[in-house]
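User: I'm new to reading protein structures and would like a close look at one part of this one. Could you pick a single spot, walk me through what surrounds it, and then show me how it fits into the whole?

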Amino acid sequence: MASYAIIWPTASLLQQKITAPTLYCWLRCASYFWPKSDFKSAITKALVEQVTYSPAAMCCFFFGMNLLEQKPIVECTEEVKQKFWPTYKVGVCVWPVLQTINFVLIPEHNRVVYVSVCSLMWTSFLAYMKALEAKRKQKEMMKDGVTSTNEILENTRSEKSAIQSVEKRIPLYVQILIVKYRTW
C-alpha cells in the first residue's frame, strides 16, 4: 500500500506538471501558427510536430526510463542511440496520420484528450521497444551456452547481489518500495 501511495502521486505530478503542459503548449502554438483547420494546415502541423516534438519526447522517454532503472548516464545515452531510429521510423508512420486526424476532425477543445488517448497506445509501444533489451540479453545468454537451470540461477544471483549493492546507496523510502514490490 505504501508503494501505491508514493507511485500514484508521483506519476500524476509528472503527467500534470510536465507532459500535459508541453502537449497543450504545442497544440496552442500549432493553432496560432496555422489557424486553419483544412487538410493542408493539418499536414503541415503534423509534419512540424514529427520533426520537433516527437524526437525530444522519445529521447526523454528512453533516457528517463533508464534513469528510473538507476543505470549510469552513459548507458542511458547508449540506449537512446540504439533505440531512437527504429522507434522514430515507426513514429513517422503512425503520428502524422493521427495528428492529421486530430487537426482536421477533432474540435480544438478536445485535441489534448484525443492525443492523450493516442499517447497511451504509443507509450505501450515504447514500453515494448524498451523491453527488447531484456529479450536481447536473454538471447545472448542462450548463445553463450547458458542453458541449464543452474547457470540461469547463478546469473540471477549475481544480478541480485548487484541490485543489493545498489540498494545500500538508495534512500529508505525507495528501499521500502523495492521490498513491497518483491512481495507482490
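Analyst: Happy to! Let's start at T87, which touches M58, F62, W122, F125, L126 and M129 once residues up to four places away in sequence are set aside. Keep in mind as we go that this is a predicted model.

Where does T87 sit? T87 lies in helix α3. Is T87 buried or exposed? T87 has a relative accessible area of 0%, and because the limit for calling a residue buried is under 20%, T87 counts as buried. One of its contacts, F125, shows how the folded chain brings separate stretches of sequence together: T87 and F125 are 38 residues apart in sequence, yet their C-alpha atoms are 8.9 Å apart in space.

Now step across to M58, one of the residues that T87 touches. Leaving out neighbours within four places in sequence, M58 is in contact with T87 as well as F84, Y88, W122 and L126. If you compare the two lists, W122 and L126 appear in both.

This brings us to the largest nonpolar core, which has 20 residues. Which members touch the most other members of this core? They are M58, F62, F103 and L126. Three of those names, M58, F62 and L126, are also contacts of T87. The elements that give two or more residues to the core are α1 (2–33), α2 (39–68), α3 (73–105) and α4 (111–143). Among these, α4 gives the most, with six residues.

For a contrast within α3, look at E78, which lies in that helix too. E78 has a relative accessible area of 40%, so it is partly exposed. E78 and F62 are 16 residues apart in sequence, and their C-alpha atoms are 10.0 Å apart in space.

Helix α3 also takes part in a nonpolar patch on the surface. The patch is formed by F39, V97, I101, V104 and L105, which together have about 460 Å² of accessible area. α3 gives the most to it, with four residues. One residue to find here is I101, which is in helix α3. I101 is partly exposed, with a relative accessible area of 34%.

Next, a word on the cysteines. A disulfide is a covalent bond between the sulfur atoms of two cysteines. How many disulfides does a search of the whole structure find? The search finds zero. Take C29: its nearest cysteine sulfur belongs to C25 and is 4.1 Å away. The two sulfurs would have to be within 2.5 Å to count as a disulfide, so C29 is in none. C29 is partly exposed, at 31% relative accessible area. C59 is in no disulfide either, and the nearest cysteine sulfur, that of C60, is 7.0 Å away. C59 is partly exposed too, at 29% relative accessibility.

Finally, let's zoom out to the whole chain. The chain has six helices and zero strands, following the pattern α-α-α-α-α-α along the sequence. Of its 184 residues, 27% are buried, and T87, where we began, is a buried residue. Among the contacts with a separation of 6 or more, 65% join residues 24 or more positions apart. The T87 and F125 contact, with its 38-residue separation, is an example of such a long reach. As for the outside, the accessible surface comes to about 12,800 Å², and 69% of that belongs to carbon and sulfur atoms.

Methods. Residues numbered from 1 in each chain as written. Predicted model: local features only at pLDDT ≥ 70, side-chain atom pairs only at ≥ 80, totals over all residues. Heavy atoms only, no water. Core = buried A, V, L, I, M, F, W, Y, C linked by side-chain atoms within 4.5 Å. Buried < 20%, exposed > 50% of the residue type's maximum accessible area, 1.4 Å probe, protein only. Contact = heavy atoms within 4.5 Å. Areas by Shrake-Rupley, 256 points an atom, 1.4 Å probe, with all protein chains shown as cover. Patch = residues over 30% accessible without salt bridge, like charges linked within 9 Å, V, L, I, M, F, W, Y side chains within 5 Å. Salt bridge = Lys/Arg side-chain N within 4 Å of Asp/Glu carboxyl O.
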